[in-house]
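Student: Could you go through this structure with me, setting each value against the definition behind its label?

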2 protein chains.
Amino acid sequence: MKVLIVFAHPNPSSLNAALKDHAFGVLRKEGHEVQVSDLYGMKWKAVLDADDFPSRMDSSPLNVIMAQGEAYGSGTQAKDIAAEQEKLLWADAIVFQFPLWWFGVPAILKGWIERVYAYRFAYGYKDGTNAYRYGEGILSGKRALVSVTTGGPEADYGPRGINGSLDQLLFPLTHGALFYPGMDVLPLFTVYGAMRLDEAGVANAKLALEQRLKRLFVDEPIRFRRQNGGDYLDRHTLASHIAPEVSGLPAHVS
Amino acid sequence: MKVLIVFAHPNPSSLNAALKDHAFGVLRKEGHEVQVSDLYGMKWKAVLDADDFPSRMDSSPLNVIMAQGEAYGSGTQAKDIAAEQEKLLWADAIVFQFPLWWFGVPAILKGWIERVYAYRFAYGYKDGTNAYRYGEGILSGKRALVSVTTGGPEADYGPRGINGSLDQLLFPLTHGALFYPGMDVLPLFTVYGAMRLDEAGVANAKLALEQRLKRLFVDEPIRFRRQNGGDYLDRHTLASHIAPEVSGLPAHVS
């Protein structure tokens, strides 16, 4: 199979880099083809702005959605954006490796999503509307594994941990960015207390990630509800008979 | 009073820009001093990397926390970072104006948080540990108002809306980035369906924001639980007698 690793950490000797390198080795050993998008190494442009649309005819102020759709449709996207879309289309699975910074993905990775996820590619798929999203879309059938490190201890990210539960903090990524264009999203792989790991702790983390990677195409994805699977009314709100006692983010997992 | 507006949108004729301009006018008219950090206009550097530490003595790979703490402590931070910290210390309230992109803040604003929120400034306050956070910290006593626009309709962001409830999607910002260093965070101000607003809709949005701004120093903040207020055990987990039936993000609001 084909696996893309998207990696976002500024330090090539960090735990994150070690996990990324280990993932690369494990996946190759398993017989997969592997590509790596090392966002810091590539000096990835994080900010979505008018420079992303070199062939834009319109001299009026930037309308992001229109400009994305036009550039995507006419094959005039910025080269770095088109290259990442190609990698996504090539891959059978995408592994994200990054540290949790202020309870979300680093800005450079957020900017990768904003720029690569063009209108008519990742949203407005097929017909320009929201008809195809959450469980179907251009990345349908591909798997996503989020591998994240935290500075804080596991207790802080538990169901009643002070930072908020990690599953819910990363819902905008797992549900909002990965499931949205169709990916099957695996449960998070997390290394907590990353700064306090000793040598044995690092070895354990690598081993645990290795075990998850070996089951990359086997493990059961998070059971996010599909927009067009019958649980939502008019693609907006959960029908009243679906998990009637649940509200908030957990309501979207069956 | 003194108000800082942090603004993140690439288009100076967008609804977001109109709301920012309107906020500026209203706040001035109310007698406040106002500064604006227009992140796109300033060409704000979104990516936290080794270039942020021009005086770093260490030639080894970047350790973000150590480098931030050293630069902050020795007054050798990058000038753009120090300038934003000064504005935060100057302000009595901070208004954030941005569009919701992929269910969170735009990358340029995420990078503002990552770079401006240095170690020993916004985290590791006072003693380098987590002893002072969530309700106390360097921005203690200041107010924060998040003013956000969404492309999607309100139904998609309700308690059982398909995108997830907006309050919970933005918890990493309101709780994790604003309440963490001590700010009193007001309930979100949201303009839904921003792309479909007609002239009257824009006028209504401006008026609604104006009403919120006039109560900027009056409205009741979100009742996030304070780390050191007695609800958490050892600064990690909610005590079992606190909202025993609630888990996930809502458990942190009393």
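**From labels to values**

Tutor: A243(A) is partly exposed, having 17 other C-beta atoms within 10 Å, where 20 or more would make a residue buried, 12 or fewer exposed, and anything in between partly exposed, with C-beta atoms placed from the backbone. This is a predicted model, in which local features need pLDDT of at least 70, side-chain atom pairs count only at pLDDT 80 or more, and totals for chains, interfaces and linings use all residues. Residues are numbered from 1 along each chain as its sequence is written, while chains are lettered from A and ligands numbered from 1 in the order in which they are written.

Student: Why is D234(A) called exposed?

Tutor: D234(A) has 8 other C-beta atoms within 10 Å, and is therefore exposed. D234(A) also has a positive phi of about 50 degrees although it is not a glycine.

Student: What makes up the contact on chain B and on chain A?

Tutor: Chain B gives 57 residues and chain A gives 57 residues, two residues being in contact if their C-beta atoms, placed from the backbone, lie within 7 Å. On the side of chain B that touches chain A, 32 residues are nonpolar, 19 polar and six charged; Ala, Val, Leu, Ile, Met, Phe, Trp, Tyr, Cys and Pro count as nonpolar, Asp, Glu, Lys and Arg as charged, and the others, Gly among them, as polar.

Student: How do you know that the copies meet through the same surface?

Tutor: Of the interface residues of chain B, 100% are also interface residues in chain A, so the copies meet through the same surface.
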